[in-house]
Amino acid sequence: MYARLLPTPARSILLLGPRGTGKSTWIQNRFPEALSYDLLDAGESIRLNRNPNALFDELRGLQSGTWVVIDEIQKAPALLDQVHRLMGANGLNFVLSGSSARKLRRGGVNLLAGRAVSTELYPLVSEELGADFNVERSLRLGSLPMAVTEPNAQDYLRTYAQTYLDQEIRAEALTRNFAGFARFLEVAARQNGQTTNASAIARDAGVARATVQSHFDLLVDTLIGYWLPPWKLKAANKQVSHRKFYLFDCGVARALVDRLPYPVGDEERGSLLETLILGEMRAHLAYTGLRYPLHFWRNHNGAEVDVIAETATGHTAVEIKASQRWERRFNRGLHLVRSQLGASSTGCFGVYLGEREAWIDDVRVLPARDFLQRLWQGGVWG
């Protein structure tokens, strides 16, 4: 078992994360004595959905400061009213976990504002894996805990993809056209890490163009993917304005397009490396509480930077290349961005699959593993 980096909260927490990231295990390890409600238990879920007040009646007598766990809270969002009452009037602390934000927003999760910290649990990161971390394996199979520890990761990931469709989408009735969503999901997975073209996706998936955005919203709400928005350089013209969409894990991305039996091909290596690096950057920002928004930048002349973050002291810009050699032309976008944002306050990194660290012009070029080590040591954000 790998020790997780997500810190133990001092007060109530709303813990979100895709299925399989280890939320329940983390909760059991950190709150072994807490009173627990598991809403994956159909009977328990039905009981509390029928009578949400039962939660208040069962917990109102507990001592102030007592911890209570409600696992998969999105299955009974009406409980949030009772949780809010118990936090305020009775001083109870809650760990609320969920794998979907969709029903929580509709159910009034905003009621918990100021009373519960919201955070996420990500797949295992390189710092957690330690000596077991391998870049090539992470690109091929991802880093969900079961994909790392199970003897047959491919079978697990294939099952994961189908379970997502069956339990998150079909069982929760999150879309009326289940077959169309399944086709869309495969097409979207093939465009992982690319700027989105809704018309092309609609054509390939056989769904209406208007449906594409709602399906992407569903992927974001169920935490399977996220948008990386474009950065707007004020002095630049003709910049790309479409967002990029990324899936949360390399192994899941490959499972959705049935690539698991094969080695990572050149056509997918670039987007998978971006998925890996971005995922770890997002995890680091979440676990440390920094929360800097991440963006990408590209102009219509082809210059690009894969990740830009405005930090407390300036900016960090990162270009990611699935190459064994770093070429000076890879620095083009970094130089343009640095000239606009200020050379003295912008740290530029190149991340690649080679083996040696180097300074090329004003860009610090690092092998992927070394960059991630530097990230978790706090040396990326300036």
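1. Strand E12 (residues 358-360) and strand E13 pair in the antiparallel sense over 3 bridges, where strands, runs of at least two residues marked E, and helices, runs of at least four marked H or I, are DSSP runs numbered from the N terminus, and two strands count as paired if DSSP finds at least two bridges between them. Together E12 and E13 make a hairpin with 2 residues between them, and aspartate 361 in the turn has a positive phi of about 60°. Across this pairing, tryptophan 359 stands opposite arginine 364 in E13.

2. Before going further, please note that this is a predicted model, in which local features need pLDDT of at least 70 and side-chain atom pairs count only at pLDDT 80 or more, while totals for chains, interfaces and linings use all residues. Residues are numbered from 1 along each chain as its sequence is written, and side-chain values use heavy atoms, with hydrogens and water left out.

3. E13 has a second partner, since E11 and E13 pair in the parallel sense over 4 bridges, with valine 351 opposite leucine 366 in E13. E13 is mostly covered, and 4 of its 5 residues are buried, a word that here means under 20% relative accessible area, with exposed meaning over 50% and partly exposed in between (1.4 Å probe, protein chains only).

4. Which residues are buried in helix H16 (residues 368-376)? They are Ala368, Phe371, Leu372, Leu375 and Trp376. Seen down the axis of H16, the buried residues fall within an arc of 130°, so they line one face of the helix; the arc is that of the directions from the helix axis to the C-beta atoms. The general background is that an α-helix has 3.6 residues a turn, so residues three or four places apart point the same way.

5. The cover over the buried residues of H16 includes H6, helix H7 (135-141), H14, strand E10 (315-321), strand E11 (346-352) and strand E13 (363-367). On the H6 side, serine 126, which is placed in that helix, touches Phe133, Glu280, Leu372 and Trp376, not counting residues up to four places away in sequence, contact meaning heavy atoms within 4.5 Å. Serine 126 counts as buried because its relative accessibility is 10%. After H16 comes glycine 378, whose phi is positive, near 85°.

6. A search of the whole structure finds 16 aromatic pairs, which are rings of Phe, Tyr and Trp (its six-membered ring) with centres within 6.5 Å, called stacked if the planes are under 30 degrees apart, edge-to-face if over 60 and tilted for the rest. One of them joins tyrosine 122 and tyrosine 287 edge-to-face, at 6.0 Å centre to centre and 70° between the planes. This pair links distant parts of the chain, as tyrosine 122 is in the loop between strand E5 (117-120) and helix H6 (126-129), whereas tyrosine 287 is in helix H14 (residues 266-288), 165 residues apart. Both tyrosine 122 and tyrosine 287 are buried.

7. Tryptophan 326 and phenylalanine 330 also form an edge-to-face pair, at 5.0 Å centre to centre and 80° between the planes. In addition, Phe181, Phe184, Phe216, Trp227 and Phe245 form one aromatic cluster.

8. Charges also sit over rings, which requires NZ of Lys or CZ of Arg within 6 Å of the ring centre and within 35 degrees of the ring normal. Arginine 85 lies over the face of phenylalanine 56, at 3.7 Å from the ring centre, and lysine 244 lies over the face of phenylalanine 296, at 4.9 Å from the ring centre.
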